[in-house]
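Work through the exercises below with the sequence and the model at hand. Each task is followed by a solution in steps.

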Amino acid sequence: MAHVEFIDQTLRDGQQSLWGMRMQAGMALPVCPLIDRTGYRVVDCTGSSIFEVLIKYCRENPWDGLDRMIAAMPRSRVRAGMRSNACVTFAITPDAVMDLWVRRLCAHGIRSFWIYDVLFNIDKMHRLARVAKEAGAEVAGAINFSSSPVHTDEYYGARAAELSASPDVDTLLIYDTAGCLRPERVGSLVAQVRANGRGKPIELHSHNVTGLSTWTYLEAIRHGVTILHTAARPLANGPSMPSTEIMLRNIALDGHTHGIDEALLGQVSAHFEAIARTYGLRVGVPNEFDLSAYAHQIPGGMTGTLRNQLAQHGMADRLDDVLDETAVVRKELGYPGMMTPFSQLVGVSAVMNIVTGKRWSVIPDEVIQYALGYYGTTVAPVEPHVMERIEAAPRYREIKASPPENPSLEEVRRRNGNVADDDELLLRAVVPIHDIEAMRAAGPLRLDFPTLSSPEADFARELMRIANSRYVQVASAELSVELSR
């Protein structure tokens, strides 16, 4: 039997998967002291994409919020994550900026990182791991799992060998965004990672898209995985990870031990349920099993984005066609792992193919950059007929002649107005200046997020959800409600 440790994903990937990264610091602060005492190995908290969303859509300074949350969890090792060659979305970020991100996050109290690269640019992952270790943080090197004819157990074993060769990589993290790691494959995959991992502990992160990740976790423990990623129940399941609550129950039934204080979990979950109910945010529920998820491998949280894109073209009923097309596009592009930025790259291409009715008539710039190797070496070659279309695209020659720059930090600083403050410089590297100015104009960090919980308040919220008119009035002997948009 094993002693299992847990990494809490409530504040990072749980809310990223279900709330679109809209969790503001004030929503989490009331329960951060509880999370701090629960006994997690690590509390995952932030990433550069979360910074972008908080600035652009919540008008919140992410540095201020991060400082407050870390201060509220003094016992915990708090984690941040990053792609080895980019801060946000499709952009390729200079190495100097990536190194500065690590150093500044450590200066704010981050003591753990997970570093990933879907195309396994190992040299960049090792460099960032070294920077993190020099700043006093531990590092999990991510092995992004994807299912395809070329993503064999031997392939992942080789990646484990390359990652674990660095003394700055402390753990190996099998990271399954699409929830496509089946229970029956866990044993052979973990065996390869363990055989090539130089004895380093193995973490497992699997999104419960098909509802099988809880079973996958139990199988992984039986094969030597000792660290699981979970989230508080309201921010678990569906596109998110399994809940901490159910995994504690399951591992106990399987005879394993843990160090989690279960008495604190209910208070944390009740808080986030109230936040979700009050502010109209989604609560995770288990998905029905859908075999097609293993073909398209779209991360659960991305399905809503594809649906919205189709709705803009009056084609909301074509989602199933897009998911089928996604599987074909992924094969044609050489089976990129379905994680940022490639899940978006494949998904957008599939949408364009369906919307235009003519496959590969629209070639996004990012597909050209991918085919040119700017993101790294593809796992398998782009199929010849698609490569011909890419090379014939109007922008191909221009993009080929302008590979991504890798300026020094001094040059980056000069391009951003010679700003002296490194935290400000990094914000400018993530979002346009006008969004930063709007964030500052919105005022200081919002700390007060009252939760309204009563039958009357729930009734009022439901009215606002279903009503189409701008004004609603409901009156009875005991209650009078007037609502306007």
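A pocket is an open set of grid points with protein on both sides within 12 Å along at least five of seven lines. The model used throughout is predicted.

**Exercise 1. The second largest pocket**

Task: Give the volume of the second largest pocket, and describe its lining by residue, by element and by residue class.

Solution.
Step 1. The volume of the second largest pocket is about 330 Å³.
Step 2. Its lining consists of 16 residues, and those nearest the centre are Ile92, Thr93, Pro94, Val97 and Ala429.
Step 3. Helix 20 and helix 21 are the elements that contribute two or more residues to this lining. Helix 21 has the largest share, with 3 residues.
Step 4. Sorted by class, the lining of the second largest pocket holds 11 nonpolar, 2 polar and 3 charged residues.

**Exercise 2. Salt bridges around helices 20, 21 and 22**

Task: Find the salt-bridge partner of glutamate 411 and that of arginine 440, and place each pair in the secondary structure.

Solution.
Step 1. A salt bridge requires a side-chain nitrogen of Lys or Arg within 4 Å of a carboxyl oxygen of Asp or Glu.
Step 2. Glutamate 411 pairs with arginine 415 at an N to O distance of 2.8 Å. Both residues belong to helix 20 (residues 409-415) and are 4 residues apart, about one turn of the helix.
Step 3. Glutamate 411 has a relative accessible area of 22% and is therefore partly exposed. Arginine 415, at 43%, is partly exposed.
Step 4. Arginine 440 meets glutamate 424 in a salt bridge of 2.1 Å, N to O. Arginine 440 is in helix 22 (residues 433-441) and glutamate 424 in helix 21 (residues 422-430), so this pair ties together parts 16 residues apart in sequence.
Step 5. The cut-off for buried is under 20% relative accessible area. Glutamate 424, at 12%, is therefore buried, whereas arginine 440, at 41%, is partly exposed.

**Exercise 3. A further pair, a network and the total**

Task: Which residue forms a salt bridge with aspartate 321, which residues are linked in a network of salt bridges, and how many salt bridges are counted?

Solution.
Step 1. The partner of aspartate 321 is arginine 318, with the closest N and O atoms 2.4 Å apart.
Step 2. Aspartate 321 is partly exposed, at 33% relative accessibility. Arginine 318 is partly exposed at 27%.
Step 3. A network of salt bridges links Arg77, Arg79, Glu138 and Glu203.
Step 4. The count of salt bridges comes to 30.
Step 5. As background, side chains of opposite charge can pair when their charged atoms come close.

**Exercise 4. Helix 1 and the largest cavity**

Task: Is helix 1 largely enclosed or open? Describe also the largest cavity by volume and lining.

Solution.
Step 1. In helix 1 (residues 10-19), 9 of the 10 residues are buried, so the helix is largely enclosed by the rest of the structure.
Step 2. The buried residues of helix 1 include charged side chains, namely Arg12 and Asp13. Among the others are Thr10, Leu11, Leu18 and Trp19.
Step 3. Glycine 20, just after helix 1, has a positive phi of about 60°.
Step 4. The whole structure contains 5 cavities of 30 Å³ or more. The largest cavity has a volume of about 120 Å³.
Step 5. Of the 15 residues lining the largest cavity, Cys45, Thr46, Ile50, Leu54 and Met69 are closest to its centre.
Step 6. Helix 1 is one of the elements that give two or more residues to this lining; the others are strand 2 (42-47), helix 4 (48-56) and helix 5 (62-71). Helix 5 gives the most, with 4 residues.
Step 7. The lining of the largest cavity divides into 10 nonpolar, 4 polar and 1 charged.

**Exercise 5. The chain as a whole**

Task: Why does the radius of gyration agree with that of a compact globule? Add the secondary structure, burial and contacts of the chain.

Solution.
Step 1. For 485 residues, a compact globule would have a radius of gyration near 23 Å; the chain has 23 Å, so the values agree.
Step 2. Along the principal axes, the C-alpha atoms fill a box of roughly 70 × 55 × 50 Å.
Step 3. The chain has 23 helices and 11 strands.
Step 4. Of its 485 residues, 57% count as buried.
Step 5. Among contacts with a separation of 6 or more, 76% are between residues 24 or more positions apart.

Conventions: Residues numbered from 1 in each chain as written. Predicted model: local features only at pLDDT ≥ 70, side-chain atom pairs only at ≥ 80, totals over all residues. Heavy atoms only, no water. Buried < 20%, exposed > 50% of the residue type's maximum accessible area, 1.4 Å probe, protein only. 1 Å grid on protein atoms, 1.4 Å probe; cavity = no way out; pocket = protein on both sides within 12 Å on 5 of 7 lines; lining within 4 Å. Points joined across faces, edges and corners; volume = space filled by probe spheres on them. Rg over C-alpha atoms; globule rule 2.2 N^0.38 Å. Contact = heavy atoms within 4.5 Å.
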